[in-house]
Amino acid sequence: MSFILRQISKRVGAPDIVREKPLVATEPVIGRGSDCDIQLTDLAVSLRHAVMKQSGPGRVTVESLGAENFEANGKFVTSASLALADSPVLGFGSHVLTLSEGENGAILVLATARENTAPISAADDQKRAFSLKYALFSQRRLAWITGVFIVLACLLFPIGVFVIDHNQHQTISAAAQRQWSSGPLSPGHHFLEKNCEACHQQAFVSVKDTACLSCHQAGLDKQAAAHVEARSRGLGSPFPPDPAGDHAPHDRLMAAAPPDPNLARRINSWVAATFSHPNNRCASCHTEHVGTGKGADSSKTHAPVTPNEIKRNDCKDCHTNLKERLPDTKIADAPDWGRHPDFSPVITTGFRGDTPVLQRIALSAMPVEKDGLIFGHDVHLSAIGGVARQALELGKANGYGAPLTCANCHRAAPDGGFVPVDMKTNCEACHSLVFARKNGRDQLLPHGHPPEVVAALKVYYANQPNFSATPEVFMGRPGLRGSAPKAGRAMDYVADSVRAAFAPGGTCTTCHTFMKPAVAGALDYKIVPVRITSRYLPWGDFNHNVPEHHLDANGATTCKSCHKAESSKLSQDVLLPKIAECDTCHGKTKGEIATAAGSDCAECHGFHNTGLPASPRRQQLAEKALIRTQ
Amino acid sequence: LAQQRQRAKAAASHESFVRHAHFRWLKVAVLVSLAVIAGFIATLVLADFRLRHTGSTWFGYTSGTIGAMLIVWLALLGVRKRVMTDDAWSLKAWVSAHVYLGLSLIVIATLHSGLQFGWNIHTLAYALMMLVILSGIFGMTVYVIIPQKLSDNRAETTQKQMLEKIHALDVRLLDVARPLDQSQAALVTRAVRGTRIGGNFWQRLTNSHANCPTGNALKVLAAARSRMNDGTQAKALDQVLSLLEEKNLTLTKARRYIRLRSLLEVWLFIHIPTTLALIAALTAHIVSVFFFW
């Protein structure tokens, strides 16, 4: 039994072409491949799609050779057993095979292509169907859009604002440049958050000290300080800038610092310096943009700067073996509190002309303060004696009324020191300068300059209507003894009065020392200048207002535990306590003493502005850690 | 034994980018990461860094430079894949290095950041980089898993064959549906004209085609057929149903294929655009850091 293939090719507008050939194979293979017996040129047909076999008289089986099925009498199957009598129809893609009984018992396979099966699957359709690109978007377009957007918004916009706007419009600048900020500023600088150019003054140049000092310059005169404050207020600062000086010249500070013992840190410094980020700048220690911007309770109030975020060197790093690095230094080493050197107060050792000669002398060397004054604390503080008597007599109405205490003369100043003792306020109630009374008013000698005293007396007696007579009243207290002048001329009155003031035993000599005029009989007495020390330890920040610094265990004011004034006979005595006095609390633990206090250098010393007294403002800043005083 | 050896040889010749050259690039990436971790420890931990400024340390500069150069090199895969070579730097070797060195960037960039994050360009660059890496990890995973499934599902038919078959079925459907009444013919026409093989993005990815016109026609016509007595009309309907069923099967197969292919492609829609965005953000990061130095 054999197969005969009759292939009919349909043509548009022309008769069909019919080719007929007997098939050699007894089991012809149907497929697209050229080796197939029945070749069907259609991509929907597999290369070797199915095989046809005669399974019995008038019956044919067709079986798929692969996974692809075919159509048999309208059903899709992988295997079919067909009776030729039914004229079965097979479908392979666009081709239809109709089987029937031919001549001589052969099986006639009539192969026709279905109509209207123009090939549609262009490559484009395939992509459209299978590639995600057509369902989504072009990767390349999105890549370009986002990339260009980021370059414009995050790079060119901020640079453009920097170059063109120069921070004229802070809202724009902030919008442009804040995205570059790696973190919030410290609370003290928070107001500069929108003003990058306040610190970053030049592009590609690390923040310079000049930028910091444009607000924080120390040692300015009043006018310049006012100008700087106005400027920082203009920048939005809620408070005046804190002046920041160095506690030694910058180059000496750098020279004094020992090489970092930590190799890794040394390498870091070297690299930073190489990349033009030298570590001798303000910003090297005062690192900004490193905070979290959140308070401890994650509120919006800005977290204080923690010491760790600023502190770089410990004081002891430099102040140990300092002489090795700074041979000419006069500062003694202070490796720690226990080895803190003895206090060396600033002592007036004498005067060169009117200028005091100041010298730092260790307390242990028993310094003598030549302050030019004759004064005994013991007399004034004694509960008995003339001074106490007089204080009682002056009475409460005049602010006395009891034997004198320290507070009668030494009034605390808000900066932690004392209001300077002043003749008029503190002495004159007893040490009167009244030398006469005229028209019911006390006539006072001016205080301070001998020539002014002479001039005042001259004026007084020159205007005396009847100078031969005694002045209206002569005050005999405490000077100007000897009632009437010897002569009756005005100038004699003047000369006598001047001598009564300045000559040994005179009014002024109670407290002051005078040098006689070079020519005998002349009136140009010279006074030994006076300098009352207000700060013996200008590098320390001792604050008398700290309660523990002036109250005893019962809360009563006590000065004498530190200052042995009651037994001091001379004003030459330096009444400063020894450092051991500080040691009773500082460096102790709460277990040892209730008033225990820290022994950190920063308790008394500041890295910057070490010579300035602790102003309330600085205290506040230090407490709130808006700045760090070390 | 000979069979085993042969299998081993076959496995070696089909070695994927994952196992390329005995995990050479995995080893390199691990070494690079370890070196960076060591640098981090040496510079910042040993230096007792109390200041959170990693930028001006040698570690900051070095890790930043390595990271930036890596990112540029990784991005060059897009250029490299368009060039054919077959030497030691074959595309497979390149992809292997791309994958493993890309993963090591997680370590390098995270340590470079010093974990200082905020709403700024620096963190944007980091976030974009992490997005690229995560999408890359997804891509690597699907590249390992899916190709096998893909060829299993397709059973050696090509995309073109699937389309041709559906088209041929459509033609036959229109032909066979002629005897059907108006509403049924309309269903068939809609099945032919309105069926979309792929569909939209989600349909492709999830392979959910609930409202497929072919499926609808099949359901409605099958129900109609069950209520119908045999006859000429029924015979025509049977033929239509048979064609619809076949089309539905073919569609299911094609759609499963599309879903797998979409999984293979979808991560690139994040990976590629984000890479360019990353390069832009990285440029802004580097310039801004030195601009406001």
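Colleague: How many residue pairs are in polar contact across the interface of chain A and chain B, and what makes a pair count?

Modeller: Eight pairs, with both residues at pLDDT 80 or more. They count because an N or O atom of one lies within 3.5 Å of an N or O atom of the other, one able to donate a hydrogen and the other to accept it (residues adjacent in sequence count only if both atoms are side-chain atoms). Keep in mind that this is a predicted model, where local features need pLDDT of at least 70 and side-chain atom pairs 80 or more, while totals for chains, interfaces and linings use all residues. As for bookkeeping, residues are numbered from 1 along each chain as written, chains are lettered from A and ligands numbered from 1 in written order, and side-chain values use heavy atoms, without hydrogens and water.

Colleague: What makes chain A and chain B count as touching, and how many residues does each bring?

Modeller: Contact means heavy atoms within 4.5 Å; by that rule chain A brings 79 residues and chain B brings 67. The area buried between them is about 6300 Å², with 64% from carbon and sulfur atoms. That is accessible area (1.4 Å probe) lost on putting the two together, summed over both. Phe130(A), Leu132(A) and Trp180(A) supply 13% of what chain A buries there, more than any other three residues.

Colleague: Why is the pair Lys253(B) and Glu68(A) called a salt bridge?

Modeller: The rule wants a side-chain nitrogen of Lys or Arg within 4 Å of a carboxyl oxygen of Asp or Glu. Here N to O is 4.0 Å, so the pair qualifies. It belongs to an interface count of three salt bridges, and over all chains the structure holds 16.

Colleague: What about Glu63(A) and Lys53(A), how far apart are N and O?

Modeller: They are 3.7 Å apart, and the side chains meet in a salt bridge. Glu63(A) is in strand 6 (residues 59-64) and Lys53(A) in strand 5 (residues 50-56) of chain A, ten residues apart. Strands (E, at least two residues) and helices (H or I, at least four) are DSSP runs, numbered from the N terminus.

Colleague: How many cavities are there, and why is a space called a cavity rather than a pocket?

Modeller: There are two cavities of 30 Å³ or more. On a 1 Å grid over the protein atoms alone, a cavity is where a 1.4 Å probe fits but cannot get out, whereas a pocket is an open set with protein on both sides within 12 Å along at least five of seven lines; lining residues have an atom within 4 Å of a point. The largest cavity has a volume of about 140 Å³. Its 15 lining residues include Phe76(A) and Lys165(B), which are among the five closest to its centre. Helix 7 of chain B gives the most to that lining, four residues.

Colleague: What is the volume of the second largest pocket, and how many residues line it?

Modeller: About 1600 Å³, where volume is the space filled by probe spheres set on grid points joined across faces, edges and corners. It has 48 lining residues, with Gly78(B), Lys81(B), Leu268(B), His271(B) and Ile272(B) nearest its centre.
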